[in-house]
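Subject: Structure handover

Hello,

Here is the structure you are taking over, with notes on what was found in it.

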Amino acid sequence: MKKHILVVPGDGIGQEVTAVGKKVLERIAEKFNHEFTYDEALIGHVAIEATGNPLPDETLEKMRASDAVLFGAVGHPKYDNDPSAKVRPEQGLLKMRKELGLYANLRPIKLFDELLSASSIKPEILKGSDILFFRELTGDIYFGEKGRKDDGKTAYDIAQYSVYEVERIARKAFDAAMTRGKKLMSVDKANVLETSRLWREVVQRVAHEYPEVQVEHQFVDSAAMLLIKDPRRFDVVVTANLFGDILTDEASQIAGSMGMLASASIGDGTGVYEPIHGSAHDITGKGVANPMASVLSAALLLDISFGLKEEAEAVINAVDQVLKSGIRTRDIADASTPSDMIRGTEATGEALL
Ligand code: ATP
Ligand code: MG
């Protein structure tokens, strides 16, 4: 198979971890006889430094012309203390999502057995947890009208969803449920919010197209509680932008470390695959970042954008094997990890290949 992949490392540890993700893609191409070509482009702080723009037109054009994007992270601590900065790395990310029509954010929360003890949740509750979140990415309270009134003494953000927006993400989630355990949980707050009532109506209607899928509706407060109490009850979850933001951060604790979690953003155009973690400047350049999130993002890229299931499986197996062999980066090491098994970013990458 011939494919063109754009690597966009961005800022901080994005550089280190996408280098490993790319190597794994190269190795897969070799092993399975595919012809992958690569290009690189700038985004975030590094793009601001070079061009003054967090998402240069050239990057956007390259993204549109690629079959998939392997993405790192954006962010720089200098903006944290400067809320008034007009140009910010994160603007690049939001603009990219909008320009590429990336309306669905997929986050698989898969717990590798070897990392049971790395989580702060009890192993007997966690063992076997395997959840796939679909977070809606382009609507909700994030993008509605916002502002101040009453001489600035009152603030408001308007949440808004259209039938079309809910339908398209619901279909993606139902399609995924059909390939997994045929179970789907839709999370809303339909007892209070009108957007949630529309959400629930639409999900119920789309459910008729998928009679084999067992559908459960949960209020977001209850879902947040159940995630910790009984994570194995979850399979595919579909939810709105704000609820998804909060629930997926909560769920990341099921997998032990942010350094293990990949995501896919898909929609109308090129799919973008990236770790859920950020630029982590506290560990940048130290060679200690866990590259697995980028490697697992590469697996999602192979699976979703290219339909290469066997190749994606091979990547996940390699991660599993490396963990089984005892190799750990610092973030997933615990008291039982021998110090000679604690490896850096590159060494962990080498072990994967
Ligand atoms: P951003 O502002 O871009 O979100 P951040 O500095 O908030 O970046 P995060 O990526 O959100 O950093 O991560 C929070 C902390 O988790 C980091 O400071 C880092 O110590 C740790 N961390 C994140 N990703 C990894 C990783 N891949 N390997 C090891 N530790 C990580
Ligand atoms: Mg962060």
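Helix 1 and helix 12 are oblique to each other. Helix 12 covers residues 309–324, and the axes of the two helices come within 11 Å and cross at roughly 125°. That angle is over 115 but not over 145, so the pair falls between roughly perpendicular and roughly antiparallel. The crossing of helix 1 past helix 12 is right-handed. From helix 1, Val 24, Ile 28 and Phe 32 take part in the contact, and they meet Glu 311, Ala 314 and Val 315 of helix 12. By class, the contact of helix 1 with helix 12 has 5 nonpolar residues, 1 charged and no polar.

Please keep in mind that the model is predicted.

Helix 1 also packs against helix 11. Their axes come within 8 Å and cross at roughly 45°, which makes helix 1 oblique to helix 11. The crossing of helix 1 and helix 11 is right-handed. On the helix 1 side the contact is made by Val 17, Thr 18, Val 20, Gly 21, Val 24, Leu 25 and Ile 28. On the helix 11 side the residues are Ala 293, Ser 294, Val 295, Ser 297, Ala 298 and Leu 302. This contact of helix 1 with helix 11 divides into 9 nonpolar and 4 polar residues, with no charged ones. Val 24 and Ile 28 of helix 1 are thus listed in the contact with helix 11 and also in the contact with helix 12.

Next, the sheet. It is open, has 10 strands in the order 2-1-3-12-11-4-5-10-8-9, and its pairing is mixed. Strand 2 (35–40) and strand 9 (214–219) are the edge strands; each has a single partner strand, so one side of each is left without a neighbour in the sheet. From one strand to the next the twist averages 20°. Strand 8 (residues 183–188) and strand 10 (residues 236–239) run parallel and are joined by 4 bridges. Within that pair, Met 185 has Val 237 of strand 10 as its bridge partner.

Two of the helices above pack on this sheet. Helix 1 (residues 14–32) touches strand 1 (2–10), strand 2, strand 3 (68–73) and strand 12 (271–275), and its direction makes about 150° with that of strand 3. Helix 11 (residues 292–305) touches strand 3, strand 11 (262–266) and strand 12, with its direction at about 160° to that of strand 12. Strand 3 and strand 12 are therefore touched by helix 1 and by helix 11.

Another helix pair is helix 9 (residues 220–229) with helix 10 (residues 241–252), which pack at an angle of about 10° with their axes 10 Å apart. Helix 9 and helix 10 are therefore roughly parallel to each other. Val 220, Ala 223, Ala 224 and Leu 227 of helix 9 make the contact with Phe 243, Leu 247, Glu 250 and Ala 251 of helix 10. The residues of this contact of helix 9 with helix 10 divide into 7 nonpolar, 1 charged and no polar.

Last, the record. An unreviewed UniProt entry lists residues 4–352 under "domain: Isopropylmalate dehydrogenase-like". Over residues 4–352 the chain is 41% helix and 19% strand, and the end C-alpha atoms are 23 Å apart. UniProt, again in an unreviewed entry, places the feature "binding site" at Arg 97, Arg 107, Arg 135 and Asp 221. These positions are spread over 125 residues of sequence and are also spread in space, up to 27.6 Å between C-alpha atoms. Of the four listed positions, Arg 107 is found in strand 4 (residues 104–110).

Regards

Key. Residues numbered from 1 in each chain as written. Chains lettered and ligands numbered in written order. Predicted model: local features only at pLDDT ≥ 70, side-chain atom pairs only at ≥ 80, totals over all residues. Pairing = 2+ DSSP bridges. Axes fitted to C-alpha atoms, helices over the stretch in contact; angles between N-to-C directions. Contact = placed C-beta atoms within 7 Å. Parallel < 35°, antiparallel > 145°, perpendicular 65-115°, else oblique. Left-handed = near helix turned anticlockwise from the far one by under 90°. Nonpolar A, V, L, I, M, F, W, Y, C, P; charged D, E, K, R; others polar. UniProt positions renumbered as here; feature names shortened; annotations may be inferred.
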